[in-house]
Amino acid sequence: MHFSFMSSLKSVLHFQAGLGVLANMFLIFLYTFIIVGHRPKPMDLTYCQLSFVHLMMVLTGGDMWLTDIFESLNIENDFTCKTSFYISRVMRGLSICITCLLSVFQAVTISPSTCFLAKFKPKLKKYMISAFFYIWSFNLSFSSNLIFYVGGFTNVSESNQMKVTKSCSLFSMNYIIGGLILTMTASRDVFLVGVMLTTSAYMVIILFRHQRQCKHLYSISHLRMSPEKRATRTILLLVVFFVVIYWVDVIISYTSILLWKYDPFILNVQKFVMNAYPTITPLIQISYDKRIIRMLKILQSKCH
């Protein structure tokens, strides 16, 4: 019974990963096409990067894709473990940073001219490119310290290591170093989640005020959702979904670290939770972006 349930759970994980890979690859191709050949919107470059980050998150999540590729090439297990774990942590950090960036930039975009944020609108593209550079540099260096505390699983001194995948384990570390890494990671994440929630609350207030003003000027039947409002709702949905998934992941991770035990079932549940955001995000983007819907309709009519 337990074996059949675990087998079913793994099938769900593979389906989820496959869907995530296809959806994110489609968005990367589409946004690259828009950026290179058409007039891109300021957010298109950010969405393209987010799709790439999510694609890499799915590929490095658990033991499903990148690890299998390394194994098929007969690459040493310790190198495979360190590489996949490092890429996974960097991409997780980039995902939270870019989602936060989207929220901040959209708050600036929809700010009324009377608000102090409106003065940043003319140079938004310049700030965006600088922000990308700092975000990538920060996350590539920030996650490098964990490479020394992760490696291939061995049967020697099992009490000093915690299995996190079928072939990868986290080694015990000094309490001071462990506390420092945990504090730095938690501080970064809490700060970014706080910024996301603050900008989201600000956007909700702006949307509410705008809707109330429009009702006085037009009848409800004449009200149409503007591209800015649609983009804002997309980002609000992404932020809310991210925050929920993030805290579920944090609870599972910290509980496992404190108990110093990883149950196979809990590990698979965490994989599902970790891959939920990078899988659902592209589907939300596709359903809310009219350009994508229009392109899909054109492709569908050509196929028929």
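Helices here are DSSP runs of type H or I with at least four residues, numbered from the N terminus. By that count, proline 278 belongs to helix 8, a stop to which this tour will return. The model on display is a predicted one.

**The whole chain**

Begin with the entire protein in a cartoon view. Its secondary structure consists of 9 helices and 3 strands. Followed from the N terminus, the order of elements is α-α-α-α-α-β-β-β-α-α-α-α. The protein has 304 residues, of which 44% are buried. A surface view would show about 17300 Å² exposed, with 70% of that area supplied by carbon and sulfur atoms. Of the contacts between residues at least 6 apart in sequence, 75% connect residues at least 24 apart.

**Stop 1: helix 2 against helix 5**

Select residues 44-60, which form helix 2, together with residues 124-142, which form helix 5. Two packed helices are described by the angle between their axes and the distance between the axes. Here the angle is about 20° and the axes lie 11 Å apart. Angles under 35 degrees count as roughly parallel, and helix 2 is therefore roughly parallel to helix 5.

Now display the side chains at the contact. Helix 2 contributes Leu45, Thr46, Gln49, Phe52 and Val53, while helix 5 contributes Met128, Phe132 and Trp136. Sorted by class, these comprise 6 nonpolar residues, 2 polar residues and no charged ones.

**Stop 2: helix 8 and its distant partners**

Move next to helix 8, residues 264-288, and select threonine 281 within it. Is this residue buried or exposed? Threonine 281 counts as buried because its relative accessibility is 0%, and the cut-off for burial is under 20%. Setting aside residues up to four places away in sequence, threonine 281 touches Leu50, His54 and Leu238. A distance drawn between the C-alpha atoms of threonine 281 and leucine 50 should read 9.1 Å, although 231 residues of sequence separate the two.

Return now to proline 278, also placed in helix 8. With a relative accessibility of 0%, proline 278 counts as buried. Which residues does proline 278 touch, not counting those up to four places away in sequence? They are Asn24, His54, Met57 and Val58. From proline 278 to valine 53 the C-alpha separation is 8.3 Å, across 225 residues of sequence.

**Stop 3: aromatic rings in helix 7**

Select helix 7, residues 227-259, and show the side chains of phenylalanine 242 and tyrosine 246. These two residues are 4 apart in the sequence, about one turn of the helix. Both phenylalanine 242 and tyrosine 246 are buried. The structure holds 8 aromatic pairs. In the pair formed by phenylalanine 242 and tyrosine 246, the ring centres are 6.0 Å apart and the planes meet at 15°, so the pair is stacked. Extend the selection to Phe241, Trp247 and Tyr277, which ring pairs link with Phe242 and Tyr246 into a cluster.

**Stop 4: arginine 92 in helix 4**

Helix 4 covers residues 77-109 and includes arginine 92. Arginine 92 has a relative accessibility of 13% and therefore counts as buried. Beyond its neighbours within four places in sequence, arginine 92 is in contact with Met57, Arg188, Asp189, Tyr246, Asp249 and Val250. Tyr246, one of these contacts, is also a member of the aromatic cluster visited at the previous stop.

**Stop 5: isoleucine 110, after helix 4**

Where does isoleucine 110 lie? Isoleucine 110 is in the loop between helix 4 and helix 5. Its relative accessible area is 14%, so isoleucine 110 is buried. To see a link across the sequence, select alanine 231 as well: the C-alpha atoms of isoleucine 110 and alanine 231 are 9.9 Å apart, with their positions 121 residues apart along the chain.

**Stop 6: leucine 207 in helix 6**

Finish on helix 6, residues 175-217, by selecting leucine 207. At 15% relative accessibility, leucine 207 counts as buried. Apart from residues up to four places away in sequence, leucine 207 touches Lys229, Thr232, Arg233 and Leu236. For lysine 229, which is 22 residues from leucine 207 along the chain, the C-alpha to C-alpha separation is 7.3 Å.

Notes:
Residues numbered from 1 in each chain as written. Predicted model: local features only at pLDDT ≥ 70, side-chain atom pairs only at ≥ 80, totals over all residues. Heavy atoms only, no water. Buried < 20%, exposed > 50% of the residue type's maximum accessible area, 1.4 Å probe, protein only. Contact = heavy atoms within 4.5 Å. Areas by Shrake-Rupley, 256 points an atom, 1.4 Å probe, with all protein chains shown as cover. Axes fitted to C-alpha atoms, helices over the stretch in contact; angles between N-to-C directions. Parallel < 35°, antiparallel > 145°, perpendicular 65-115°, else oblique. Nonpolar A, V, L, I, M, F, W, Y, C, P; charged D, E, K, R; others polar. Phe/Tyr/Trp six-rings, centres within 6.5 Å; stacked < 30°, edge-to-face > 60°.
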